[in-house]
Amino acid sequence: PSFTTFTAFFPALLEKVNGRLPDKSASLLRSLESQASKSAYEENKVGEGKVAVVLGAGPCGLRLAMELQMLGARTIVVEKREQMTRNNVLRLWPFIMEDLKRLGVRKLYPQLEHGSINHISIRMLQVILLKLALLLGVEVRSGESFVSLKEPDGRRGWRAVTSKGELDCDLIFCA
């Protein structure tokens, strides 16, 4: 797949799957579309023309990548691990529960907030957020480590150096 900005990726995805998805999946896409259309994202143009690199595909890194993507930046997550193996359990604060519900997470994980349950394994939360990030067009590179950051040299701008090469970037975040 060609990873790019939200405005190029997401509408094309919706067009390709239109009328072909079960209700639960279509509802999830509608939730993401609704979230991305909020005024705070200014029509997904705030980060237009920018490339953002997020270091780390933990829950914070993936959630940050989703925000950057909805703001209009082309977003790349670099994660040194090949698999999501952390299984410790998190207690989710109420504002995080509300955020996850707005994103449509209950369509992927119906147990979320079932009764008084507000706990989830980090691995499960990562898997859910990874699915959502990919649906928004975020590029995720697993098995790739961050090495250094190169300053602009007159010919090229900032570059994140990874174990697999260099990424031109405007913004870099450690999560």
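Both Arg63 and Asp99 are buried. Keep that in mind for these exercises, and remember that you're working with a predicted model.

**Exercise 1.** Work out which parts of the chain the Arg63–Asp99 pair ties together.

*Solution.*
- Start with the contact: the side chains of Arg63 and Asp99 form a salt bridge, at 2.7 Å from N to O.
- Now place the two residues. Arg63 sits in helix 3, while Asp99 belongs to helix 4 (residues 94-102), so their pairing links parts that are 36 residues apart in sequence.

**Exercise 2.** Find a salt-bridge partner of Arg63 within helix 3, and decide whether each of the two is buried or partly exposed.

*Solution.*
- The partner is Glu67, with the closest N and O atoms 2.8 Å apart.
- Count along the helix: the two are four residues apart, so about one helical turn separates Arg63 from Glu67.
- Buried means under 20% relative accessible area. Arg63 has 14%, so it's buried.
- Glu67 comes out at 23%, so it's partly exposed.

**Exercise 3.** Do the same job for Asp99 and Arg102 in helix 4.

*Solution.*
- These two also make a salt bridge, and their closest N and O atoms are 3.6 Å apart.
- They're three residues apart, so again think of about one helical turn.
- Asp99 has a relative accessible area of 16%, so call it buried. Arg102, at 40%, is partly exposed.

**Exercise 4.** Explain why helix 3 counts as largely enclosed.

*Solution.*
- Helix 3 covers residues 59-70, which makes 12 residues.
- Check the buried ones, among them Pro59, Leu62, Ala65 and Met70.
- Nine of the 12 are buried, so the rest of the structure largely encloses this helix.

Technical notes:
Residues numbered from 1 in each chain as written. Predicted model: local features only at pLDDT ≥ 70, side-chain atom pairs only at ≥ 80, totals over all residues. Heavy atoms only, no water. Expected span 1.5 Å × (residues − 1). Buried < 20%, exposed > 50% of the residue type's maximum accessible area, 1.4 Å probe, protein only. Salt bridge = Lys/Arg side-chain N within 4 Å of Asp/Glu carboxyl O.
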